[in-house]
Amino acid sequence: MKTFSYTIKDEIGIHARPAGNLAKLAKSFEGTKVTIEKGGKSVDATKLMMLMGLGVKFGDTVNFTVEGPDEDACSDAILDFMTNNL
Amino acid sequence: MNKFHGTGVYGAVAIGNVSLFKRQDTTVRRTKIENIDAELKRVAAAEEKAIAQLSEIYEKALAEVGETHAQIFEIHMMMIEDDDYNESIQNIIKTQSVNAEYAVAETSDIFSEMFAGMDDAYMQARATDVKDISNRIIACLLDNDETEKSTSEKMVICADDLAPSETVSLDKDKVLAFVTAFGSSNSHTAILARNMNIPAIIGAGEEFLRSISDGDKIIVDGHTGDIFVDPDNETVEKYLKKQSDDNRKKKLLQELKGKENVTLDGTKINIYANIGGVDGVGAVLQNDAGGIGLFRSEFLYLESEDFPTEEAQFTAYKKVLEGMAGKKVIIRTLDIGADKQVDYFNLDKEENPALGYRAIRICLTRPEIFKTQLRALLRASVFGNLGIMFPMITSVKELQDIKAVLEEVKKELKDDGLEYSENIEIGIMIETPAAAIISDKLAPMVDFFSVGTNDLTQYTLACDRQNAKLEPFIDTHHEAILRLIEMSAENAHKAGAWIGICGELAADTSLTETFLRMGIDELSVSAPFVLPLRDAVRKIDLRK
């Protein structure tokens, strides 16, 4: 299991477009579970609506938990995605 | 004549007739069903059909408004495939033995309420997206194929609200404008309207919708958000004129876009644009400016309740640099003083704010403010072609001090392992007579000068520009000002620096020839003036 945190630098936060792309990315690692947590509430990152429902905004810190056979590659890909888009 | 008002989302005028937008009936009845499996299969088939429709809409949007804005329909497809959304539909069917239509409608309410209840306007607007996809699935279940309304002439579409997919599905050749009673300027519908170049007003109110009927004559002014139903002749005349002005400007725009800023004898000049915020980039590109000659960084401080953080500044500068994709972006450091008050600076009230504690004077005495801005600027510099410009310079000493701080900040960044570009141009504003007079000493220390004619005029003529009584005494073409500019230009060129003008005088086409003769290298004006100025330059012949 791998965990890491990320603080949102994008002004609008995880809005529709990045949420869609993040969910798509998380889905591409089959068998690996990605959970994203904000303020005690955590959701499965492949679930777009719930992800949008977290309401992650500029300045928020979110915690990722990645678990599964591809956890290393998946963590890297997600951190990379977050850094470049959010 | 009835007048209404909403928010204009695309600035253009339309005069035409009302066509009320009619949606097909997706009224849902709750009925008990026997065969749960069959009902689940109906949902799956309807979703498949809905996704096929959306993928067509996506292609249409891709062609008409570009990938960034078409992506919402890709998201819609993903939303339909969302596990939780589908689990909810399936659960309702299974536990209540009800029809698929009802289950989708219920699920739509649950999820749209979740978004509507969020404390963020952007997310609240997503409730519309949920309703949009759900209605599409319901329509597929009811087997109502979408039928476009057939009209022979272009109409002004009026609706309670338009879903993004409805907006894109509108046949552009039949839509003159659209007006919605509800909706927010954050909605994708508003964004799409902007990109489809359709005059549009949103949030005109319920009263508007109640008072119109099909075929009513209507004027829509997307610039101001004004709507006139059943207008009188005088109003029609007025707006016909506004429309033809718009068209003339648009034509000028089309003809001059992509052309060089070159005189008949072959002298070239750069025409850049001035902006006051990140959202100005769109207008800069739309008007085909060669770069940004003045990006006023004050908005970051004025819009904030405390000193903007390095991160917030970095994000804003990065966005502009990326948006300009390698074109020059000149950002002016903090230019705040007693005339542009910001509470948290705790500045004292002054007798003569124009001659007071402001701009670089604040930066050099409160280095923590200055350094934060410089760090953000340097960090952003790797994302484009940055120039940094310092305001209110009067002496060589000030410039030396600035450069010392800049070096300090660079060293700190290096120690922190943070990147910055080595090719940042450094320049100063020439807006005090002192700077112009000693421009021979300042020029070797910089890459460029930019003349701020508004302040230069007020300081040279000793006229407060806030005082309306002084208007007769403010001659913006005063020889003293022109001589100071010419002197600065000569000194800049002698030292190998370039010189631009970013004040209001830059847009004054009666002086364009004078500036060209002085050898001015760049004029920076507000975006709408870029093309008229290009037009003026292209008619000048310096051989005469």
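**An enclosed strand, two nonpolar cores and a chain contact**

In chain B, strand E12 (residues 385-390) is largely enclosed by the rest of the structure, because 5 of its 6 residues are buried. The model described here is predicted. E12(B) has a partner in strand E11 (residues 328-332) of chain B. These two strands run parallel and are joined by 5 bridges. Within this pairing, Lys328(B) stands opposite Asn385(B) of E12(B). E12(B) also pairs with strand E13 (residues 425-430) of chain B. That pairing is parallel too, with 4 bridges. Here Phe390(B) stands opposite Ile428(B) of E13(B). Between E12(B) and E13(B) the chain passes through helix H16 (residues 396-415) of chain B. The resulting β-α-β crossover is right-handed.

E13(B) also takes part in the surroundings of helix H19 (residues 453-460) of chain B. The buried residues of H19(B) are Thr453(B), Asp455(B), Leu456(B), Thr457(B) and Tyr459(B). They pack against E13, helix H17 (433-437) and strand E14 (448-451) of chain B. Helix H20 (479-494) and strand E15 (498-501) of chain B complete the list of elements they pack against. After H19(B) comes Ala462(B), which has a positive phi near 55°.

Chain B as a whole has 544 residues, of which 42% count as buried. Its secondary structure comprises 22 helices and 16 strands. Among its contacts with a separation of 6 or more, 68% link residues 24 or more positions apart.

A second set of paired strands in chain B centres on strand E8 (residues 226-229), which pairs with strand E1 (residues 2-5) and with strand E7 (residues 217-221). E1(B) and E8(B) run antiparallel, joined by 4 bridges. In this pair, Lys3(B) stands opposite Phe228(B) of E8(B). E7(B) and E8(B) are likewise antiparallel, over 4 bridges. Val220(B) faces Ile227(B) of E8(B) across this pairing. E7(B) and E8(B) form a hairpin with 4 residues between the strands. In that hairpin, Gly225(B) adopts a positive phi near 85°.

Val220(B) and Ile227(B) reappear in the largest nonpolar core. This core has 96 residues. Val220(B) and Ile227(B) are among the residues with the most contacts inside it, along with Leu51(A), Val156(B) and Phe178(B). In soluble globular proteins, nonpolar side chains tend to be buried together. Helix H1 (residues 36-65) of chain B provides the largest share of the 96-residue core, 9 residues. At least three residues come from each of domain 1 (1-22 + 149-237) and domain 2 (23-142) of chain B. Phe178(B) has a set of contacts beyond its neighbours within four places in sequence. These are with Val156(B), Ile157(B), Leu162(B), Ala193(B), Ile198(B) and Ala200(B). Another core, of 80 residues, lies apart from the largest one. Its members include Phe295(B), Ile388(B), Ile501(B) and Ala506(B).

The contact between the chains involves 20 residues of chain B and 16 residues of chain A. On the chain B side, five helices each supply at least two residues. They are helix H2 (67-80), helix H3 (83-96), helix H4 (100-116), helix H5 (121-124) and helix H13 (310-323) of chain B. H2(B) gives the most, with 6 residues. By class, the chain B side has 11 nonpolar, 2 polar and 7 charged residues.

Chain A has 86 residues, and 38% of them count as buried. It has 3 helices and 4 strands. From the N terminus on, these elements run β-α-β-β-α-β-α. Residues 24 or more positions apart make up 72% of the chain A contacts with a separation of 6 or more.

One buried residue of chain A is Thr46(A). It sits in the loop between strand E3 (41-44) and helix H2 (48-53) of chain A. Thr46(A) counts as buried because 20 other C-beta atoms lie within 10 Å. Beyond its neighbours within four places in sequence, Thr46(A) is in contact with Ala23(A), Ala26(A), Lys27(A) and Val34(A). Leu25(A) is 21 residues away from Thr46(A) in sequence. In space, the two are 8.0 Å apart, C-alpha to C-alpha.

Technical notes: Residues are numbered from 1 along each chain as its sequence is written. Chains are lettered from A and ligands numbered from 1 in the order in which they are written. This is a predicted model: local features need pLDDT of at least 70, side-chain atom pairs count only at pLDDT 80 or more; totals for chains, interfaces and linings use all residues. A residue is buried if 20 or more other C-beta atoms lie within 10 Å of its own, exposed if 12 or fewer, and partly exposed in between; C-beta atoms are placed from the backbone. Two residues are in contact if their C-beta atoms, placed from the backbone, lie within 7 Å. Ala, Val, Leu, Ile, Met, Phe, Trp, Tyr, Cys and Pro count as nonpolar, Asp, Glu, Lys and Arg as charged, and the others, Gly among them, as polar. Two strands pair if DSSP finds at least two bridges between them. A crossover is right-handed if, with the strands pointing away from the viewer, the path from the first strand over the helix to the second runs clockwise. A nonpolar core is a set of buried Ala, Val, Leu, Ile, Met, Phe, Trp, Tyr and Cys residues joined through C-beta atoms within 7 Å. Domain bounds come from an automatic or database domain assignment.
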